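Please look through the model below with its sequence at hand. The paragraphs after it go from a sheet and a hairpin to single residues and then to the chain as a whole.

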Amino acid sequence: MTDFLFDVITTELEDAVGKENCSTKTIDKITHSVDYFWLSRMWADRGLRMPEADFVVAPKDAKETSAVLKIANYYKIPVTTWGAGGGTQGGALPVCGGIVLDTKRMNKIYDVNEESMYIECGTGTIYKHVEWAANERGYATMHYPSSLTCSTVGGFLAHRGIGVSSTKYGKIDDMVLQMEVVLPNGDIIETSPAPKHAAGPDLNQIFIGSEGTLGVMTKAQMRIYEQPEARKFRGFLFHNMTDAFRAGRELLQKFKPSVMRLYDEAETATLIKKIVGVERKGAFMNLAIEGVAEMVELEEKILLSTFKKYGAEDLGSEYGEKWWKEKITFFYPGHMMDVPQCFGTMDTIAPYDKIEKIYWAMKEAIETNFPQASFIAHFSHWYEWGCMIYDRFIVDGKDVPQDPHEAFRLHQEIWNCGVRAALKNGGVVNDHHGIGIKLGRLMKEQYGPAMQVFEGIKKQLDPNGIMNPFKLGL
């Protein structure tokens, strides 16, 4: 790009969003070049510069976003949408330069609709602010991921995120009613006024999980719920995970707890021991039951009788209450893995007849091929038909190569090994952290010829290929 053309585009973007909301400063470009993706942080830690955008723009609404996308399409400039930079898959990294479209000015709460039970907000809103807006009226969003305080509505929608109460309330895609979306050509559309209908495919589900490759979500209506009249916790210790899966499967046929988390022996002996205080050998499971008090009492009786059949030791409510209080502490500095360690979360999901097999296959694959790595896991989101594994590999800093290219290679090799073990045994590439640039290469291995469906939608909506290139395997 010549200096002259650069100035032409700069002034057009300034006209679209305001001069104060368009930056070409080095500090702003560096700030938007590293997110929570391990490779980007390692690269910076080694003193190297990640790919940077040429422009950082912050539109305030769909109209300004439309103007930016029209400029980008005309000059065929890549556009990468940025929420709050909390993603772990590199989905917000501008690997091809161009424009970073920072959404955080789109943070207005438009409406708290108590009749239809939703909050309408800009997708640049930090989700905790949506929760506060609900709380002020006596409601709650029931979406409580670990990054609740530092990620945006759009960020969660973009990678189909999930919170700790998902077993009862669902994932983020279950919580959205309608959205406003700006297509790559600048057209502004609204999805259907109701999410459940027979008027063709649900447009919400085309854009949720698309990671900015098909357009920019600018506004959303998010469901809210009445605060539960009662919430009870219960901790259990299982002798083995097989019994825990059987107990969980049977329970889910009867009712849905809000929280249901099973930790393998390795994670029980480390994080759970450190944060919650469980110092016993076995697999720890924490549950929360909530809702109308009378229903909670009945469900607690069903829970205790069901788990007793599978030899679960009832640890009472103390551990569960402490877990709820500390549920985000697990991810704070001092508790969460960090550079110079090499680490990753390979979350996958499968039906009950495959899930334990996947766990052991991934554990064996990682620990056999990479003896310097440890493998821990918990099972945190449950359905009538199956559950997901939130599994992590951790390599101590002293075992991570100092050469950034060798560290890069080690990271990729571990991911290839673990995810392919999941795919081979009936899992998927990812459950709720998204794909980004980290896992795009593995999308075709999961979908095979079905990948052409995604590619066809992409080609039709974004013929110039400007939207978040090389993410999601597109």
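Two strands are said to pair if DSSP finds at least two bridges between them, and the elements themselves are DSSP runs numbered from the N terminus, with helices being H or I over at least four residues and strands being E over at least two. This is a predicted model, in which local features need pLDDT of at least 70 and side-chain atom pairs count only at pLDDT 80 or more, whereas totals for chains, interfaces and linings use all residues. Residues are numbered from 1 along each chain as its sequence is written, and side-chain values use heavy atoms, with hydrogens and water left out.

In these terms, an open sheet of 4 strands with mixed pairing has the order β1-β2-β4-β3. Its edges are formed by β1 (22-23) and β3 (79-82), each of which has a single partner strand, so one side of each is left without a neighbour in the sheet. Strands of a sheet pair through backbone hydrogen bonds, either parallel or antiparallel. In the case of β1 and β2 (residues 55-57), the two run antiparallel and are joined by 2 bridges, with Ser 23 standing opposite Val 56 in β2.

A second antiparallel pairing, over 4 bridges, links β5 (residues 109-113) with β6 (residues 118-122), and here Asn 113 stands opposite Tyr 118 in β6. The two strands form a hairpin with 4 residues between them, in which Met 117 takes a positive phi near 60°.

Positive phi also occurs at other residues that are not glycines. Met 142, in the loop between β7 (139-140) and α6 (153-158), has a positive phi of about 65°, and its relative accessible area of 1% makes it buried, a word that here means under 20% relative accessible area, while exposed means over 50% and partly exposed lies in between (1.4 Å probe, protein chains only). Glu 211, which is found in the loop between α9 (203-207) and β10 (216-223), has a positive phi of about 55° and also counts as buried, at 9% relative accessibility.

What does Val 400 touch, not counting residues up to four places away in sequence? Val 400 lies in the loop between β19 (386-395) and α15 (404-424) and is buried, with a relative accessible area of 5%. The residues it touches are Trp 38, Arg 46, Pro 340, Gln 341, Cys 342, Val 395 and Ala 407, where contact means heavy atoms within 4.5 Å. Of these, Pro 340 sits in the loop between α13 (318-325) and β16 (342-345), and the peptide bond leading to it from Val 339 is cis, with omega near 20°. Val 400 and Ala 373, 27 residues apart in sequence, have their C-alpha atoms 10.0 Å apart.

Turning to the whole chain, the protein has 17 helices and 19 strands. Its radius of gyration is 23 Å, close to the 23 Å that the globule rule gives for 474 residues, so the protein is as compact as a globular protein of that length; the radius is taken over C-alpha atoms, and the rule is 2.2 Å times the number of residues to the power 0.38. The C-alpha trace spans about 75 × 55 × 40 Å along its principal axes, and 58% of the 474 residues count as buried. Among contacts with a separation of 6 or more, 72% are accounted for by residues 24 or more positions apart.
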